[in-house]
Amino acid sequence: MVGVIVVGAQWGDEGKGKIVDLYAKEAEVIVRFCGGANAGHTVMHGGKKYKFNLLPSGVLHPQKINLLGNGTVIEPEKLLAELSELKAAGITPNLFISPKAHVVLPIHKDIDAAEEEHKQGNAAGTTRRGIGPTYADKAARFGLRFEEFCDEETLHEKLPKLLHLKERMLGIYGKSPSQPAEKTLSQYISYSKECRKYIADASFILNDAISKKKNVLFEGAQATMLDIDHGFYPYCTSSNTTAGGACTGTGVGPTAINEVVGVVKVYTSRVGEGPVPSEIFDSTAEKIRERGGEFGTVTKRPRRIGWLDLVTLRYSKIVNGLTGLAFTRLDTLAGFPKVKICTAYELEGKKITHMPLTSQDFALCTPIYKEFSGWEDLGAGWDKCAGNSLDTLPKNARTYLEFISKELATPIYFVGVGPSREHAIVLKDVFRK
Ligand code: IMP
C-alpha cells in the first residue's frame with residue numbers, strides 16, 4: 001500500500017490538478033479530504049477539458065474509486081451539475097460520499113456574502129460558495145450532515161428549523177435570504193433523491209483498500225497558507241487543507257501515509273485578501289499574470305502575483321511534513337533577465353528566516369531577496385524537456401529549482417514545463433516506493 005497526499009504548499013492555485021491527474025493514473029482510490037466547490041481544477045481526458053469544483057480528479061476513470069471524505073462540504077446543485085456533465089460524456093463515475101460530510105445550503109452562501117460585507121477591511125475575499133458558514137454550522141453542531149440530507153424524513157424535520165435559524169442570523173446583517181425556505185426545502189428533497197445513492201462509509205472503503213495494499217491518493221484542495229489553523233488567519237478558508245487534514249478529513253490513521261507531495265508554483269499567486277510579503281505590483285507581475293492566465297477559476301478575479309517565498313515554503317515543509325516537491329509553471333517564469341526568491345523577512349529591523357510567531361508580525365514582514373539569472377523561454381522547445389531528468393532544462397532554471405530543493409532539504413519529484421499533461425519532468429514514481 002502506498003498512501004500519497006498532494007497539497008498546495010503556498011496560497012492555492014499551484015497547479016495541483018496536473019500532479020493529481022498524473023498520480024491518479026496509478027491510484028486505485030482517490031479521495032478529497034477538505035473544502036467544497038471553492039476549489040477549481042481542470043482535467044484533460046480524451047481530448048476534452050473538464051472543469052470540476054467539487055468532484056475528485058479520478059472521476060473520469062470509472063474503474064477507480066472516488067471518495068468525498070467527511071472533511072468536505074457538499075453543494076448538491078453543483079455536485080449534480082458536475083455529474084450530469086459527466087453523464088453527457090457517457091461517463092458514470094464510481095463515486096462515494098461520506099455520511100459525515102456536511103451539506104451547503106443556499107442560505108450559507110447568503111451568509112457568506114453578508115459576513116464578508118460586514119467584515120469590510122478584514123474580509124477574506126471568499127469565493128462566496130458558503131464554505132465558511134457551512135463549516136461554522138458543522139463546528140456549532142447544528143449543520144446538516146450528508147446522512148441527514150439523504151434521509152427524507154430527517155431532512156423534512158431538520159431543514160425547516162435550520163433554515164429558520166439561519167434566516168434570523170442573516171437578519172442580524174440586515175439581509176434577507178436569496179430564496180424562500182419552502183423553495184430550498186423542495187429543492188433539497190429532490191436533490192436528496194438523486195444524491196442518496198452515493199452515500200457510503202468512505203472511511204471503511206479507504207481502510208479496506210489500504211489493508212488490501214492498494215494505492216491511495218489524497219487529493220488536497222486550497223493550500224497550506226489557507227488552512228484554518230496553519231494558514232494566515234482570518235484570511236484563510238475554513239477547513240484543514242494541510243496534510244493532517246487528509247487523515248481527519250477521511251478517517252484514516254497517519255500510518256496510512258507514505259508520501260506528502262507539496263506543489264510549488266515557481267512564483268507566488270494569491271486570490272483574496274491578506275498579507276503576501278513577496279507580492280509585486282510592477283510590469284513583471286503584469287507579465288506573469290498574463291502569461292500564466294492568473295485569474296481565479298471560481299471567481300475569475302485577477303490573482304495577486306509575487307516572487308517565490310522560501311519562508312512560507314519552510315513553514316509549509318514543517319506543517320505538512322513534505323517528502324517531495326512538485327514544481328509547476330517553470331515556463332511561465334521564463335524570459336525574464338533576473339528572477340528573485342524571497343529567502344528571509346525583515347521584521348522590526350531583524351532578519352528572520354522562519355515564520356514569525358504571530359499573524360500580526362507576519363503582516364509586518366518585508367521581503368529580503370536573493371537574485372538569480374533568468375532562463376530563456378524555449379517556446380515549443382519546452383516539449384523536449386519532458387522526461388525524467390533535469391539535464392534538459394535551461395541551466396539557470398535548474399540552478400533555481402535546485403537552490404529551493406536544497407534550502408528545503410526536500411527532493412524534487414516533478415517539474416511542470418507547460419500546460420499539457422506531457423509537459424512534465426517526473427523524477428519520482430510516488431507509488432513505487
Ligand atoms: P472560502 O474558502 O471561499 O471561504 O475563501 C477563503 C479564502 O480562501 C479566500 O481568500 C479565497 O480566495 C481563498 N480560496 C478558497 N479556495 C481557493 C482555491 O481553491 N484556490 C485559491 N484560493 C482559494
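The C-alpha centres of domain 1 and domain 2 lie 22 Å apart. This is a predicted model. The domain assignment splits the protein chain into domain 1 (3-98 + 199-256), domain 2 (102-196) and domain 3 (264-426). A ligand is present, with 17 residues surrounding it. The structure also holds 24 salt bridges.

**Interface of domain 1 and domain 2**

- Contact involves 26 residues of domain 1 and 24 residues of domain 2.
- The two domains bury about 1,900 Å² between them. Carbon and sulfur atoms account for 62% of that area.
- One salt bridge is found across this interface. Side chains of opposite charge can pair when their charged atoms come close.
- Polar contacts add to the picture: 10 residue pairs across the interface of domain 1 and domain 2 make them, with both residues at pLDDT 80 or more.
- On the side of domain 1 that touches domain 2, strand 6 (73-74) and helix 2 (76-88) each supply at least two residues.
- Helix 2 gives the largest share of that side, with five residues.
- By class, the side of domain 1 that touches domain 2 has 12 nonpolar residues, 11 polar residues and three charged residues.

**Ligand surroundings**

- The closest of the 17 surrounding residues are Asn38, Ala124, Thr127, Thr237 and Arg270.
- Thr237 places a polar side-chain atom 2.6 Å from an oxygen atom of the ligand.
- Val271 approaches through its backbone: an N or O atom there lies 3.0 Å from a ligand oxygen atom.
- Arg301 has a polar side-chain atom 3.3 Å from an oxygen atom of the ligand.

**Salt bridges**

- Glu75 and Lys109 meet through their side chains in a salt bridge, at 2.7 Å from N to O.
- Glu279 forms a salt bridge with Arg304. The closest N and O atoms of this pair are 2.8 Å apart.
- Glu279 lies in strand 12 (residues 279-280) and Arg304 in strand 13 (residues 304-306), so their salt bridge ties together parts that are 25 residues apart in sequence.

**Backbone features to check**

- Most residues other than glycine have a negative phi, and most peptide bonds are trans.
- The peptide bond from Tyr233 to Pro234 is cis, with omega near 5°.
- Pro234 sits in the loop between strand 9 (215-219) and helix 9 (244-248).
- Asp13 has a positive phi, near 60°, although Asp13 is a residue other than glycine.
- The loop that holds Asp13 runs between strand 1 (2-8) and helix 1 (16-24).

Notes: Residues numbered from 1 in each chain as written. Predicted model: local features only at pLDDT ≥ 70, side-chain atom pairs only at ≥ 80, totals over all residues. Heavy atoms only, no water. Domains from an automatic or database assignment. Contact = heavy atoms within 4.5 Å. Buried area = accessible area lost by both parts, 1.4 Å probe. Salt bridge = Lys/Arg side-chain N within 4 Å of Asp/Glu carboxyl O. Polar contact = N/O pair within 3.5 Å; in protein donor to acceptor, adjacent residues only side chain to side chain. Helix = DSSP H or I, 4+ residues; strand = E, 2+ residues; numbered from the N terminus. Nonpolar A, V, L, I, M, F, W, Y, C, P; charged D, E, K, R; others polar. Near = heavy atom within 4 Å.
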